[in-house]
Amino acid sequence: MQHHTSSKAEGVTQALKADIGQGCRIHPNSQGVIELETFDIGQIRNFSIIAHVDHGKSTLADRLLELSQTISKRKDNKQVLDKLKVERERGITVKAQSASMFYDYKGKRYLLNLIDTPGHMDFNFEVSRSLAACQGTLLLVDAAQGIQAQTVANFYLAYGQDIAIIPVINKIDLPAADPERVASQIEVAFELPASECLQISAKSNLNVDQILPTIIENVPSPSGNINKPFKALLFDSWYDTYVGVICLMAVIDGRDKIVSAFSERRYEVSETGIMYPEQTPSSSLQAGQVGYFVLNMKALSESHVGDTFFDHKHIGTPMPGFTPAKPMVWAGIFPIDTADFEKLDHSIAKLTLSDSSVVIQKETSTALGQGWRLGFLGTLHMDVFRQRLEQEYDANIIITAPTVPYKIDYRDGTQKLIRNPTEFPDLDEVNAKVKSVQEPMVKSTIIFQNDCLGDIMVLCGSRRGVQLEHTYLDENRVLLKYRLPLAEVVTDFHDELKGISSGFASFDYEEDGYDDADLVKMNITLNSKPVDALSIILHRSQAETVSRDWVKRLKALLSRQLFEIVIQATIGNKVIAREGLSALRKNVIAKCYGGDVSRKMKLLNKQKEGKKRMKAIGGVEVSQEAFYDFMSKKK
Ligand SMILES: Nc1nc2c(ncn2[C@@H]2O[C@H](COP(=O)(O)OP(=O)(O)OP(=O)(O)O)[C@@H](O)[C@H]2O)c(=O)[nH]1
């Protein structure tokens, strides 16, 4: 194999004689930049890899980077594209990343831009972003697991964008691999010929060398024109402490270095470059290329994903942007120790700099004190955010039960969006003023083995689901489509599904508008005083079961006090569940009498310390830990 360690003077366009593909490492010139100016647009390919979670995208991406000599072979098996600690721990890709590589094929040098995508349903929004910058994609399917729900969702995202789709069956080295069966599933589900599926093992490198030539042959080059005025699509951005906001863009036309945003703000470009795989400056970025721009943008809020940038003298029609990510799950976050408020405020602000899809509002709860209400794309997104707060910022927090956004239509024609159960109107107000209450719906895809069909249909039915489709992918794999309320899906639906199918069912959903629903707000009271942080919005049919469960669990978590505690669940004025906790008979303080003074002081101080973390609600002292335990245990 010819290793092309080019000299500094050598341009990247120089054609090689080799007619089988091989990678090539390009080095920056004496100014420290990679020369991209003379690179022919016909020799550029922009592609992504889409797949269900764990089907091997990141592993394959690393193999392609190695093969193209973009990175050297890693011994530690750590993935290059997954940068965050939480991603490595959970083995999921959260934020899309891109990487450029150079590859010599049939005497020509190609610039291949790989745009990695996350594999979980909460991040579908990021998949669409990445696809908008590509002309082709590798649809990766695990040879043992076959098509899963996310494979279907991703296929349709790519299909909708009208880009070339190359089916690739991965993990053919596994003993349970059945590539022929998976190829036929691909033909049944997507009408892509089984004979065109590449069969590879990203782990053992088997047939991986076929991938880049297949991309070059089958994915069209971008269609821009370098002689037209500059136009680029912003598809990702992040914050860098040293230079401010970094914008990842796909350049559609032109080759200018001065751009101006559609927001009519003008920016000076201070640096352009490619992800190689680290940020590497380039002499310019021009039509067809994908790379980063440093624009002296100070705040991430100035970079709108889906925005179009133009040459400031030729501002044209912006490209259809992306639908902005809408937070679909809201939850309150509070410090366990109220003294941590400032520190936590700072940590949340910093964390949202690198994740602009989180929406923040301040919130005050009588039970939990000052905190925030945060909007997330889904429950996994929420979990990842919580985990990052705890791991990277050492935060001790309580997070309330998630709420989906409800819509209330009033008789007087006004509408209200509810993100917090405390904002939900009480029963009297509903009766007097409300025309309708609506909840968000989703269309879900579930794929599983035939033998759990009955149980899965029962589960969907109990979650108020309506069946839309029932297809056999092969003799024992079933694809079901259900329309379900989002509120039913964000709690423990996925866990139950995994339980029923011993972990094998896969699940994905997309938003599907709002439906009228018979919803009520359930309040929890302690000695008749409501505990705001424990209010939830429920479908009337579930109120009884949930209320009984909640008061029972609360009873188990509260400590007995010097008087009786009555725990009630109410809807309006009506009590629907009740538990009592009898009074402590002996005064605990009595134990402190006698003994030496210092021991007594120590005990009293300890008690004071503990009190800091107590809230008195209806005269009842509730420790933050009790809240924490209550909230962290799912329904
Ligand atoms: N046996 C085998 N294992 C593989 C192969 N490719 C990937 N894996 C393993 O499958 C697991 C998931 O691979 P990843 O590359 O992290 O999957 P991913 O699709 O990027 O996952 P997300 O980022 O979470 O969507 C890892 O344990 C890999 O080592 C393969 O060809 N054969």
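**Note on the predicted model**

1. Contacts along the chain. In the protein chain, take the contacts between residues at least 6 apart in sequence: 71% of them join residues at least 24 apart. The model is predicted.

2. Overall make-up. The protein chain has 635 residues, and 43% of them count as buried. It holds 15 helices and 32 strands.

3. Domains. The protein chain is divided into five parts: domain 1 covers 6-218, domain 2 covers 231-311, domain 3 covers 329-399, domain 4 covers 406-517 and domain 5 covers 520-632. How far apart are the C-alpha centres of domain 2 and domain 3? They lie 30 Å apart.

4. The seven-stranded sheet. This sheet is open, and its pairing is mixed. The strand order is 1-3-4-2-5-6-7. Why is one side of strand 1 and of strand 7 left without a neighbour in the sheet? Strand 1 (22-23) and strand 7 (198-199) stand at the edges, and each has a single partner strand, so one side of each has no neighbour there.

5. Strands 3 and 4. Strand 3 spans residues 98-105 and strand 4 spans residues 108-116. They pair in the antiparallel sense, over eight bridges. For a residue to look at, take Y103: its bridge partner in strand 4 is Y110.

6. Helix 5. Which strands does helix 5 (residues 179-190) lie across? They are strand 5 (136-142), strand 6 (164-170) and strand 7. Relative to strand 6, helix 5 runs at about 155°. Strand 7 is also one of the edge strands of the sheet.

Definitions and conventions: Residues numbered from 1 in each chain as written. Predicted model: local features only at pLDDT ≥ 70, side-chain atom pairs only at ≥ 80, totals over all residues. Domains from an automatic or database assignment. Pairing = 2+ DSSP bridges. Helix = DSSP H or I, 4+ residues; strand = E, 2+ residues; numbered from the N terminus. Contact = placed C-beta atoms within 7 Å. Axes fitted to C-alpha atoms, helices over the stretch in contact; angles between N-to-C directions. Buried ≥ 20, exposed ≤ 12 C-beta atoms within 10 Å, placed from the backbone.
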